[in-house]
Amino acid sequence: MQEGIFVDDLYHLRFPGIGKQKAARFRNLPHLLAAGICFLALFMAGVFTFPVAAAALEKKNVLILHSYHQGFKWTDDISRGMLAALEPVRSGIRIYPEYLNTKWEHGTPYFTQLSRFLRVKYSKIPIDLILCSDNDALDFLIGYRDEVFGKVPVVFSGANNFTSADLKGRKLYTGVSETAELKDSLDLALTLHPGTKRIFVINDSGTPGRKVLAELKKLLPLYQNKVVFTFQDSSDLGEVVADVAKLPPDTLIFYTFFYGNPDARFHENSESISLISEHARVPVYGAWDFNLGYGMVGGKLTSGYDQGLAAGQMGVRILQGERIETIPIVFRNPSRYMFDYRQLKRFGIDRALLPEGSTVINEPEVFSKVRKSTIWAAFLGIGGLGLLVFILLFAIRARKHVEESLRQAQSELELKVHERTHDLSLLNERLSDLNRQLTEANEKLGSDIEHRQQTELELRKSQSILNKIFEANPDHLVVIDRNLRIIHSNWLGGYEYVPAEIRHLNPYCYEAYNEGQDKPCEACAALEVFNTGKPVFTEMYNARIGYLEIRAVPIVDENGTVLMVAEHIRDITEKKKMEEEILKGQKLESLGVLAGGIAHDFNNLLTAIMGNISLAKMFAESGSKAYDRLTDAEKACERATGLTLQLLTFSKGGAPVKKTTSIVQIITDSAGFMLRGSNVKCEFTLQKDLWAADVDEGQMGQVINNLIINADQAMPDGGIISVTAENVTIAASDLLPLPAGRYILISIQDQGEGISPENMSKIFDPYFTTKERGSGLGLATVYSIIKSHQGHLEVESTKGVGTLFRLYLPASEHAVESVENTAPEVSAPAGSGRILVMDDEEIIREIAREILHHLGYEVDVCGDGKSALTMYQGALHEGKRYAAVIMDLTIQGGMGGKETMKELLAIDPAVKGIVSSGYNNDPILAHFREYGFSGMVSKPYTVRELQETLLELV
């Protein structure tokens, strides 16, 4: 800063009672006389010369733009400094003061509206110079000066830690940076209190506060291993005061400024520091002079008056014709060590330890410091008293002459006084009684005040607990005012995506949760509550988060008017996914029941068809056209058998017949078989120590077959299918619809055309297909099999890139079962003996009769279990025992094969039962011996299959 801007003689304008502030007292008479003569001379010179100077200076318009409000001490100090500097040219200028009031309102929307207002207000007033104070006013001018006032010179002051980069290339700016002497104040405090271990920093969260906080944190490495810094983060003055009261004696408080939350309650700085100092048991230091006198010990202090004076003097130079480009920005303002005598005495600080030249306010005066002017005033007073004594002596003599006449009057008065004394005595008694009543009332009032203070303390504690509970809630909680601004929120409730730099600005809810949005949402729960006054419960989709559950309730006053809305927001995206999975499973289960019934009936029909075809082939000449057509029909039936197998697997009746096995062989065999003759290659990555699984081998082979077929068909021009299998362990915290435990993860990825987004949700639906010759049961069957194995199926697909299926199967706790060798096929001669066939379908009974007669057996048929039992008992009684009984597993409205076999074993333990069913995936077929059967033949069956089964048993 240039020399000559600050002079000590100006300090009497800011601190009456400091050093040169006492200049108002009388000096010695010669000096007073000389000063009077000089003043008279200057006055006479001014009378004749000032009109000329004023006339020479054209009237100019000066705008003083303050960031804060009138009555705010820092702003008032800067304003006084500016006005003092402008005083020499005061008659040649017009001053227009403006206050932005940014302690209560700030941000881009506010500045935009304010710029429009000021542009209209000063549209006809050309501004020649702008003086501004503090960061918010400077930021406003950087953003809006040109469009509101034009390219007007700007002199700023009070800009915290200003750098040239802050102007971003803007021209016609100069001023004074407010650089607080933070380090000097901290070093002085630590020198005066060498036992300090902690420094508790109290700082506001506004624009200056954030800049000061950044500068403080830059200093932390200088004090590493010396003291510990703690930064308070509450905007509630009550909480700060409570924390200060608990500080240990080895702590210092470093106070900058604290205004609280303007939306809740704004605290003047003097109120904040006074309460903090009153409740603190440790000293308070700082770096600004407007805090001195309210409880702060002191420090190396920055003055608002000095800032305003320097800026005003720069402005005068510009008004007098000097170009602003020649006036450099002052980056370091002078500060001085200043202290409060009352606080020095309170904490026992020796004044001798203070830096040389320090200023001390509120210091009691001693005689040695009394000015000579005061001594002269005392001498003049003594002379005056002597003259007064002389006058009194003269008056005493005159008094004696009138005393005699007064004595007579006194006698008369005494009589009247005696009469009045009695009246006064009565009045005194009444006053004493009234005084007693007032004392009792005062004691009660004191008790009430103490009770109120205790209640307020308890309320603050309760409020603190509620705030902590509010912040700890895992869901998102917000309080929204009628302007849709968020005035309170637990920002860490799972919604970190809201930018941290706007949270303290009380952003609009639609601005915080929807990037770039400048108006309320169409279905706004808060607006509905404000309009209806009733709670709202709704669900909505947010592009940033997903599905949300919103509960909005009104906060009303005593008249029922809705003041605010409280919203509870919960992310239910995963819940929605689980609901979709459940609905999908329920849909597949209901369709599966229908599919199982259709498959069973279809198998019965196929049994009749294939049986008749087999018989017809026996009578047809091999190589004839009829034989060839019958062979083609038989192959078509076999393909239809595969379709019914898929239907049964998809259906509820297709329960897996599990055994412990290695999944590796199933994967390699199934994939290799399906790609024979294809231009697609399969690459396997299978973990060597892959866990075993409890699965139905046939069904798992069908799963691999279907997925490999889909992958193959997705790559008509060839490609590679990547198949991997690995062991995984799923924890309860993993977002999968599976219990925690060990699983085998099978991944099948192709390089095909991919699945379109509109088809992705329908690929597991039965009979949905995009292929010309597809049945639509492939992926539905895969889904059903994996679900019946207590597994999970996932799919990812990118159009034009490929598709990835992931299969999770529970790992087995058992070892792999050994594989039984199957007997080789043998040709057998015709059979003999009596066979009993039980089936509720007449067409099945007839085809079975024809086939068995052709094979050489005697055949009896019946339609249910009761008839079979009766016929078997009759045959035993006649001595014509049946060689075997072929029984359908399911009989509509009658006894089926399972119950009939149990009864037959009770009649004849040597009975040979053969189970037959259209549900060829029924567990009884796979474990028929456990139910007493000796053999099994599944529908539809051929003549050869039936012949081989009978030859093995009879």
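**Exercise 1. Two parallel strands**

Task: Strand β4 (residues 154-160) is joined to β5 by 5 bridges, and the two run parallel. In this predicted model, determine which residue of β5 stands opposite V154, and how many residues of β5 are buried.

Solution.
Step 1. Look for the partner of V154: the residue opposite V154 in β5 is Y173.
Step 2. Consider the surroundings of β5, which spans residues 173-178. Of its 6 residues, 6 are buried, so β5 is largely enclosed by the rest of the structure.
Step 3. Examine the connection between the two strands. L172 is found in the loop between β4 and β5. The phi of L172 is near 65°, which is a positive value in a residue other than glycine.
Step 4. Classify L172. Its relative accessibility is 22%, so L172 counts as partly exposed; the limit for buried is under 20%.

**Exercise 2. A second parallel pair**

Task: State how many bridges join β6 to strand β7 (residues 228-231), and which residue of β7 is the bridge partner of R198.

Solution.
Step 1. Count the bridges: 4 bridges join β6 to β7, and these strands run parallel.
Step 2. Identify the pair: R198 has V228 in β7 as its bridge partner.
Step 3. Assess burial. Strand β6 covers residues 198-202, and 4 of its 5 residues are buried, so β6 is largely enclosed by the rest of the structure.

**Exercise 3. Helix α9 and its ends**

Task: Compare the span of helix α9 (residues 304-319) with the expected value, and describe what is found at its N-terminal end and just after the helix.

Solution.
Step 1. Take the span. Helix α9 has 16 residues, and the distance from its first C-alpha to its last is 22 Å.
Step 2. Find the expected value. The rule is 1.5 Å times one less than the number of residues. For α9 the expected span is 22 Å, and the helix comes close to it.
Step 3. Turn to the N-terminal end. S303 caps this end of α9, with a side-chain oxygen lying 3.2 Å from the backbone nitrogen of Y305.
Step 4. Turn to what follows the helix. Just after α9, G321 takes a positive phi of about 110°.
Step 5. Assess burial. Because 15 of the 16 residues of α9 are buried, the helix is largely enclosed by the rest of the structure.

**Exercise 4. The surroundings of A137**

Task: Decide whether A137 counts as buried or exposed, and list the residues that A137 touches, leaving out those up to four places away in sequence.

Solution.
Step 1. Locate the residue: A137 belongs to helix α4 (residues 134-148).
Step 2. Apply the cut-off of under 20%. A137 has 0% relative accessibility, so A137 counts as buried.
Step 3. List the contacts: A137 touches L65, H66, S67, L100 and C132.
Step 4. Compare sequence and space for one of these residues. A137 and H66 are 71 residues apart in sequence, but their C-alpha atoms are 6.1 Å apart.

**Exercise 5. Residues in loops**

Task: State in which loops N101, P364 and P940 lie, and give the backbone angle reported for N101 and for the bond leading to P940.

Solution.
Step 1. N101 is in the loop between β2 (93-99) and α3 (108-121). Its phi is near 55°, a positive value in a residue other than glycine. With 29% relative accessibility, N101 counts as partly exposed.
Step 2. P364 is in the loop between β12 (359-361) and α11 (372-472). Its relative accessibility of 46% is the reason why P364 counts as partly exposed. P364 and R342 are 22 residues apart in sequence, with 9.7 Å between their C-alpha atoms.
Step 3. P940 lies in the loop between β29 (935-936) and α25 (943-953). The peptide bond from K939 to P940 is cis, and its omega is near -5°.

**Exercise 6. The chain as a whole**

Task: State how many helices and strands the chain has, what share of its residues count as buried, and how many disulfides are counted.

Solution.
Step 1. The chain has 25 helices and 29 strands.
Step 2. The chain has 954 residues, of which 42% count as buried.
Step 3. A disulfide requires two cysteine sulfur atoms within 2.5 Å. By this rule the count is 0.
Step 4. Among contacts between residues at least 6 apart in sequence, 69% join residues at least 24 apart.
Step 5. The chain exposes about 51,800 Å², and carbon and sulfur atoms supply 56% of this area.

Conventions
Residues are numbered from 1 along each chain as its sequence is written. This is a predicted model: local features need pLDDT of at least 70, side-chain atom pairs count only at pLDDT 80 or more; totals for chains, interfaces and linings use all residues. Side-chain values use heavy atoms; hydrogens and water are left out. Buried means under 20% relative accessible area, exposed over 50%, partly exposed in between (1.4 Å probe, protein chains only). A polar contact is a pair of N or O atoms within 3.5 Å; within protein, one must be able to donate a hydrogen and the other to accept it, and residues adjacent in sequence count only if both atoms are side-chain atoms. Two strands pair if DSSP finds at least two bridges between them. Contact means heavy atoms within 4.5 Å. Accessible areas come from the Shrake-Rupley method with a 1.4 Å probe; for residues, only the protein chains shown count as cover.
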